[in-house]
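Student: I would like to learn how to read a protein model feature by feature. Could we start with the chain as a whole and then go to single residues?

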Amino acid sequence: MRVLDRLPLALAAVVMGGCDFSASTKIIGDTSPYDTADNADADTDTDTDADTDTDTDADTDADTDTDTPPDTGELLPADIDDDGDGYTENQGDCDDTDRTTHPETLDGCDGVDNDCDGAIDDDAPGDAYEPNDTTPYNLGSLEVDPEVSLAAWLTNDDDVDRFQFTIVDDTWDFFTLHIDISDIPADANYLVSFNRLRSDGDAPVGEIDSTFASGTASFEYGDTSGYEDGGDYEVVIESLGGASCAHSYLLAVSQ
């Protein structure tokens with residue numbers, strides 16, 4: 001082969017030998033999506049921040065408000081005075097549809113618990129001696145006023161009337177005490193007791209006498225011994241059946 005014929009092959013060998021085809025070469029104007037490794041976008045967004053925010057709003061403020069129902073600012077029905085008598089059901093009004101029924105009124109003789117105390121007709125009209133179911137009404141000393149008379153009521157079978165009076169008795173003095181109860185309803189059965197509450201001398205306290213009565217009942221008690229019998233005494237009147245606020249009885253005590 002001639003030298004001139006070998007020249008193109010030699011040049012090609014030189015050119016080929018001076019190029020590194022192991023490296024990628026980007027061709028200008030090449031719009032191929034297949035970039036070579038050297039020209040590849042190394043930003044592969046390897047953000048490993050896995051948003052480990054554990055704020056799950058673990059609010060431990062457990063509302064321990066025991067207000068049931070929740071306070072909404074609105075009045076409950078039992079806090080409203082429906083009848084305008086100044087008392088609500090939560091203030092003790094047992095009938096908030098009747099303005100004559102509330103805790104501060106007097107119980108009338110009408111078969112209704114007007115004063116909401118759980119007892120019917122226990123404050124009869126005109127009975128100025130109530131309440132005297134447990135603490136007696138004090139009539140004072142028979143030394144000052146030797147005759148006492150009054151009208152009172154057992155308004156129902158749960159009512160009890162107690163009347164206390166004082167007897168002054170010096171040594172070697174003598175007295176006779178009269179106790180009379182009348183106008184007891186004929187169809188009622190009353191128990192009347194006469195008790196000594198306190199003694200100025202050695203006389204024992206407690207019950208002296210008692211009787212069942214319909215219509216009338218009487219006691220007579222006298223100091224004939226000359227010993228000290230002064231002190232506080234009591235008459236107790238209670239119903240075993242048939243009491244009525246519509247019917248009063250009369251009590252008279254005299255010395």
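Tutor: Start with the contacts. Among contacts in the protein chain with a separation of 6 or more, 63% are between residues 24 or more positions apart. Keep in mind that this is a predicted model.

Student: Which elements does the protein chain have, and in what order do they run from the N terminus on?

Tutor: There are 1 helix and 9 strands. The order is α-β-β-β-β-β-β-β-β-β.

Student: What share of the residues is buried, and how much area does the chain expose?

Tutor: Of the 255 residues, 30% are buried. The exposed area is about 16,700 Å², and carbon and sulfur atoms supply 51% of that area.

Student: How should I read a nonpolar core?

Tutor: In soluble globular proteins, nonpolar side chains tend to be buried together. In this model the largest nonpolar core has 30 residues, and F165 and L177 have the most contacts inside it. Two or more residues each come from β2, β3, β4, β5, β7, β8 and β9. The largest contribution is that of β4, with 4 residues.

Student: Which residues does F165 touch, leaving out those up to four places away in sequence?

Tutor: The list is L139, G140, L142, L177, I179, F194, G231, D232, Y233, E234, V235 and V253. F165 counts as buried because its relative accessible area is 0%, under the 20% cut-off.

Student: How is a pair of aromatic rings described?

Tutor: Two quantities are used: the distance of the centres and the angle of the planes. The whole structure holds 9 aromatic pairs. One of them, F165 with Y233, is stacked, at 6.2 Å centre to centre with 15 degrees between the planes. This pair links distant parts of the chain, as F165 belongs to strand β3 (residues 160-167) and Y233 to strand β8 (residues 231-239), 68 residues apart. Y233 is buried as well, with a relative accessible area of 0%.

Student: What is the geometry of the pair F175 and Y221?

Tutor: That pair is tilted: 6.2 Å centre to centre and 55 degrees between the planes. F175 is in strand β4 (residues 175-182) and Y221 in strand β7 (residues 217-223), so the pair ties together parts 46 residues apart in sequence. Both are buried, F175 at a relative accessible area of 6% and Y221 at 15%.

Student: Which residues form one aromatic cluster?

Tutor: The members are F165, F175, F194, F219, Y221 and Y233.

Student: Let us turn to a polar residue. Is D232 buried or exposed?

Tutor: D232, found in strand β8, is buried because its relative accessibility of 12% falls under 20%. Its side chain and that of T166 are joined by a polar contact of 2.7 Å. Outside its neighbours within four places in sequence, D232 is in contact with Q164, F165, T166, N195, R196, L197 and R198.

Student: As a last case, where is A152 found, and what does A152 touch?

Tutor: A152 is found in strand β2 (residues 147-153) and is buried, with a relative accessible area of 0%. Not counting residues up to four places away in sequence, A152 touches D127, Y129, D161, F163, S248 and Y249. For a C-alpha distance, take A152 and G126: they are 26 residues apart along the chain, and their C-alpha atoms are separated by 8.1 Å.

Notes: Residues numbered from 1 in each chain as written. Predicted model: local features only at pLDDT ≥ 70, side-chain atom pairs only at ≥ 80, totals over all residues. Heavy atoms only, no water. Buried < 20%, exposed > 50% of the residue type's maximum accessible area, 1.4 Å probe, protein only. Contact = heavy atoms within 4.5 Å. Phe/Tyr/Trp six-rings, centres within 6.5 Å; stacked < 30°, edge-to-face > 60°. Areas by Shrake-Rupley, 256 points an atom, 1.4 Å probe, with all protein chains shown as cover. Core = buried A, V, L, I, M, F, W, Y, C linked by side-chain atoms within 4.5 Å. Polar contact = N/O pair within 3.5 Å; in protein donor to acceptor, adjacent residues only side chain to side chain.
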